Amino acid sequence: MRIVCPFCGERELGEFTYLGDAKPVRPAAGASQDEVFDYVYLRDNVAGGTSEYWYHGGGCRAWLKITRNTLTHEISSVDPAAGVGAAKAGA
Amino acid sequence: MKYSIFSLARAALSGHKTWQRTWRDASPKDRYDVVIVGGGGHGLATAWFLASEYGIRNVAVLEKGWIGSGNAGRNTTIIRSNYGLPGNTGFYELSMKLWERMEQDLNYNTMVSQRGVINLYHSDAQRDAYARRGNTMRINGIDAELLDLAAVRKMMPFLNFDNARFPVQGGLLQRRGGTARHDAVVWGYAHAASALGVDIIQNCEVSGFVRDANGKVTGVETSRGTIGAGKVGMAVAGSSSRVAAMAGLRLPIESHVLQAFVSEAIKPLIPGVMTFGAGHFYVSQSDKGGLVFGGDIDGYNSYAQRGNLPVMEDVCEGGMALMPMIGRVRLLRQWGGIMDMSMDGSPIIDKTPVDGLYLNAGWCYGGFKATPGSGFVFAHLLARDEPHKEAARFRLDRFRRGAMIDEKGVGAQPNLH
């Protein structure tokens with residue numbers, strides 16, 4: 001598996017760190033215990049296409065949002081995560 | 001059939017052409033008291049204990065592939081009970097005791113070999129942690145010996161003792177630990193369970209659950225038709241989330257790939273199982289002579305049953321740091337198995353919120369050694385509707401209650417516990 005970083009080009013997997021599923025959204029400060037539990041512990045654990053965050057620590061150190069198939073390891077898109085992150089934080 | 005020295009001699013005299021099938025290849029009936037989804041070691045062990053220990057024989061084990069095609073056939077075969085946390089200590093020792101009588105119980109040679117498991121330590125802090133774990137084990141009646149450097153040198157003179165970064169200082173040894181033949185374990189359980197009337201149904205993939213008006217699970221939809229069930233037990237390793245999703249459940253589990261490796265065969269070298277405490281590398285030598293070893297998970301969600309090169313490189317580096325001479329040994333083959341990584345690195349054996357559906361999941365790196373214990377306590381849960389006392393802490397709601405069991409601080413994401 002190799003990842004085509006939008007800033008650095010095609011790089012080997014060892015340069016990247018996986019953060020996890022991009023879908024869960026951090027609950028607001030006043031969220032219920034159930035919402036926090038759900039966010040921290042429960043996972044969809046999708047078999048197939050899923051989007052996730054990766055960190056290019058061995059390269060440009062950018063956070064990336066990658067669409068990948070967990071059954072085949074095929075990567076269909078790699079985008080900078082900045083916009084996505086800002087949107088999530090409500091900025 | 002019953003195996004003995006006489007059956008072996010008889011078969012030998014007739015050119016080994018008279019061996020019979022060791023288990024019946026059953027076709028599904030309309031209904032069973034208990035249906036186990038997953039024909040791996042844990043599922044088959046559960047069926048065997050349901051029949052032999054709890055007298056429930058109208059049982060089916062459904063396997064989507066064939067017996068031994070999943071993680072049962074792609075693991076590093078280690079058995080041990082060197083755990084230090086409440087919940088784990090008792091459970092893994094229960095499992096170890098079942099390993100010790102497995103061949104007699106099943107009338108099957110599972111090649112249980114108590115050749116010893118040693119965890120090497122490389123720092124004072126690590127020695128203290130292992131001393132503490134060893135003491136915990138001994139307090140609980142489990143064997144453990146803390147070895148100093150001289151004792152390790154005597155046992156394994158081939159290690160690189162001059163490693164400047166990770167000098168070997170000693171190790172924690174459990175002599176009763178060792179290895180067993182992974183394929184034979186599933187074949188043995190299949191053999192013994194089938195003889196007691198359990199139907200083992202291969203090439204039978206579960207595609208959904210049958211629910212009654214109250215939501216209770218009353219059966220499963222499969223590629224070989226609908227099968228009714230009094231209770232359904234899930235023991236599907238890396239596919240737990242997928243199967244649970246069919247019942248509308250989300251689990252605190254991620255699926256990750258864990259690779260295992262085997263080298264070409266060499267002369268007897270490694271006396272038992274050895275772990276490199278400074279990195280994550282563990283190795284034993286099979287009876288055929290191959291070095292069997294592994295390390296970390298690949299680190300990202302996967303259902304692909306194949307790994308990637310960075311971890312292979314990392315594992316081989318770990319091995320080379322400990323035993324530089326294995327650099328001349330060729331790697332023969334490699335597998336990727338799909339693990340349920342639970343969020344605290346420990347298993348989940350419990351009823352689910354769905355009536356009639358029971359869960360045995362989240363074995364992370366270590367499902368093989370747990371095989372007999374897992375089957376025993378899961379059969380207890382299915383038969384009695386209450387957890388076995390040695391599995392009482394493996395509840396599904398422990399994450400919500402904050403009662404995690406993080407033995408090594410490894411789960412899918414260690415920062416979460």
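This report walks through a predicted model of chain A and chain B, from the single chain to the sheets and then the interface.

## Chain A at a glance

Let's start with chain A, which holds two helices and six strands. Read from the N terminus, its elements follow the order β-β-β-α-β-β-β-α. Along the principal axes, the C-alpha atoms of chain A fill a box of roughly 40 × 30 × 20 Å.

The chain opens with a hairpin, in which three residues lead from S1(A) to S2(A). Strand S1 (residues 2-5) and strand S2 (residues 9-12) of chain A run antiparallel and are joined by four bridges. If you would like a pair to look for on screen, A:Ile3 stands opposite A:Arg11 in S2(A).

## The four-stranded sheet of chain A

Further along, chain A has an open sheet of four strands in the order S3-S4-S5-S6, with antiparallel pairing. Which strands form its edges? They are strand S3 (17-21) and strand S6 (75-80) of chain A, each of which pairs on one side only. With direction ignored, neighbouring strands of this sheet are turned by 30° against each other on average.

Inside this sheet, strand S4 (residues 49-55) and strand S5 (residues 63-69) of chain A are antiparallel and share seven bridges. A handy landmark here is A:Tyr53, whose bridge partner in S5(A) is A:Lys65.

## The eight-stranded sheet of chain B

Chain B has an open sheet of eight strands with mixed pairing, and the order is S5-S6-S4-S13-S14-S15-S12-S16. Its edge strands are strand S5 (145-148) and strand S16 (331-342) of chain B, and each pairs on one side only. From one strand to the next, the twist averages 25°.

Two strands of this sheet are worth picking out: S12(B) and S15(B) pair in the antiparallel sense over six bridges. Along this pairing, B:Phe261 stands opposite B:Phe293 in S15(B).

## The start and end of a helix in chain B

Helix H1 (residues 5-13) of chain B offers a small local detail at each end. At its start, a side-chain oxygen of B:Ser4 comes to within 3.2 Å of the backbone nitrogen of B:Phe6. After H1(B) comes B:Gly15, which has a positive phi, near 70°.

## Where the chains meet

Now to the interface. The size of an interface is often given as the accessible area lost when the parts come together. Here chain B and chain A bury about 2300 Å² between them, and 49% of that is on carbon and sulfur atoms. The contact involves 23 residues of chain B and 25 residues of chain A.

How many residue pairs are in polar contact between chain B and chain A? The count is 16, taking pairs with both residues at pLDDT 80 or more. On the chain B side, at least two residues each come from helix H8 (240-245), strand S12 (253-265), strand S15 (290-301) and helix H11 (398-401). The residues of chain B that touch chain A comprise 11 nonpolar, seven polar and five charged. Strands S12 and S15 of chain B thus appear in two places: they pair with each other over six bridges, and each supplies residues to the side that touches chain A.

Charged side chains also meet across the boundary, where the rule finds four salt bridges between chain B and chain A. One to inspect links A:Asp34 and B:Arg400, with 2.4 Å from N to O.

Technical notes. Residues are numbered from 1 along each chain as its sequence is written. Chains are lettered from A and ligands numbered from 1 in the order in which they are written. Side-chain values use heavy atoms; hydrogens and water are left out. Contact means heavy atoms within 4.5 Å. Buried area is the accessible area (1.4 Å probe) that two parts lose on being put together, summed over both. A polar contact is a pair of N or O atoms within 3.5 Å; within protein, one must be able to donate a hydrogen and the other to accept it, and residues adjacent in sequence count only if both atoms are side-chain atoms. Ala, Val, Leu, Ile, Met, Phe, Trp, Tyr, Cys and Pro count as nonpolar, Asp, Glu, Lys and Arg as charged, and the others, Gly among them, as polar. Two strands pair if DSSP finds at least two bridges between them. Axes are lines fitted to C-alpha atoms, for helices over the stretch in contact, and angles run from 0 to 180 degrees between N-to-C directions.
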